[in-house]
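Dear colleague,

Here is the structure I said I would pass on. Please look through it first; my notes are underneath.

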Amino acid sequence: MSTVVLCAPFDPITEAELQAAAAELKRPDVSTVILAVEDEGVLDAETRLCFVKRALRPYRRMHAALACDVSGVRLDDSLIDSERIVREGAFRKAAPGIRKTLAEGMRYLETAVDARCKPHRASHSRSVAALCRTLAQVHHLDSDKAWKMGMLHDLTKAWSEEEGRALLEVYAPEAVSYAPPVYHSFTCPIFLRTVMGIEDREILDAIRQHTLGDCTGPLSKILYIADKIEPTRGYDVSKETELAMKDLDAAFALVYREAEEYRERRMDG
Ligand SMILES: [Fe+2]
Ligand SMILES: [Fe+2]
């Protein structure tokens, strides 16, 4: 009986990799499988090792190690590529034992944004996230949650009108009648829920409300404000920013009114 050592970044460990490892165990000559975490990855090796250990809990004959401590064979490129797909946001394709941790946590959010947004949109998202965090801190709200909703709020903005409409026809037919630029505020929460496994109601609601401004809670108002006044927008927002630090409701009313006036001016012109 032998021990098989399978090396990969496990950044993070995916369902496909876990299945491949479990298939090795079925071989009659194999008694133990060790998953060895390579050095390089987006997350540090210790975190990835913890994730592998968690994913392996149901398996008595599979163990985790660091690749620097053992020697073995490298997993197929196609399996390792499944890690990239998870890093780009498909958390539901991660190993079952870590999906919830990814969906509820803060990891791989920037890699998902960088993979799915053009560079200017990704930097807007970072800027919105930073301002959301600051405003949440000032108003004693959950600042991690605020950063996360800011980071993810435009994740489906690059989709074509056809892609957006196709998803809405299935999941939210009532939204199809809105103007196409509004679609992403509906498709994004659907994507977060179905592909990333994010179930946080406040995050999903805030993102759904960030274009129409039908905000129902303080985090939602923060996202609406931050989306309009984050510094990379390039216009003077000192009055709005100052007000947002003091009075969220008043700042929301001001920014909403300004957005309405801007829309009317454009329609007139
Ligand atoms: Fe947006
Ligand atoms: Fe935005």
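The notes below go through the domains, the sheet, one helix and the metal site.

The model is predicted, so please read everything here as computed from that model.

Domains

The domain assignment splits the chain into domain 1, residues 2-104, and domain 2, residues 109-264. Taken over C-alpha atoms, the centres of the two domains are 34 Å apart. Contact between them involves 9 residues of domain 1 and 13 residues of domain 2.

The sheet

Four strands make up an open sheet with parallel pairing, and their order is β3-β2-β1-β4. β3 and β4 are the edge strands, each pairing on one side only.

Strand β2 (residues 30-37) has 7 of its 8 residues buried, so the rest of the structure largely encloses this strand. Its pairing with β1 (residues 2-8) is parallel and consists of 7 bridges. In that pairing S2 is opposite V30 of β2, and A8 is opposite V37 of β2. Strand β3 (residues 62-66) also runs parallel to β2, and 5 bridges join the two. Here A36 has A65 of β3 as its bridge partner.

Two crossovers involve β2. One is a right-handed β-α-β unit made of β1, helix α1 (residues 15-25) and β2. The other is a right-handed β-α-β unit too, made of β2, helix α2 (residues 45-55) and β3.

Helix α3

Which residues of helix α3 (residues 77-87) are buried? They are L79, I80, S82, E83, V86 and R87. Their arc around the axis is only 145°, which means that they sit on the same side of α3. D77 and S78, on the other side of α3, are exposed.

The elements that cover the buried residues of α3 include β1 and α1, as well as β4 (73-74), α4 (96-104) and α5 (109-116). Of these, α4 ends at the last residue of domain 1 and α5 begins at the start of domain 2, going by the residue ranges. After α3 comes G89, which has a positive phi, near 120°.

The metal site

Which residues coordinate the iron ion (ligand 1)? The donors are D154 through OD, H184 through NE2 and H210 through NE2, at 2.1 to 2.2 Å. Along the sequence these donor residues follow the spacing D-x29-H-x25-H. D154 lies in the loop between α7 (143-152) and α8 (161-171), while H184 belongs to helix α9 (residues 180-196), so this pair ties together parts that are 30 residues apart in sequence.

D154 also bridges to a second metal: it is shared by the iron ion (ligand 1) and the iron ion (ligand 2), and the two ions lie 3.5 Å apart.

Are these two donors buried or exposed? The cut-off for buried is under 20% relative accessible area. D154 has a relative accessibility of 2% and therefore counts as buried. H184, with a relative accessible area of 6%, is buried as well.

To recap, the sheet has the order β3-β2-β1-β4, and D154 bridges the iron ion (ligand 1) and the iron ion (ligand 2).

Regards

Methods: Residues numbered from 1 in each chain as written. Chains lettered and ligands numbered in written order. Predicted model: local features only at pLDDT ≥ 70, side-chain atom pairs only at ≥ 80, totals over all residues. Heavy atoms only, no water. Buried < 20%, exposed > 50% of the residue type's maximum accessible area, 1.4 Å probe, protein only. Pairing = 2+ DSSP bridges. Right-handed = clockwise from strand over helix to strand, strands pointing away. Donors = N, O, S within 2.8 Å, 3.2 Å for Na, K, Ca; no water. Arc of directions from axis to C-beta. Contact = heavy atoms within 4.5 Å. Domains from an automatic or database assignment.
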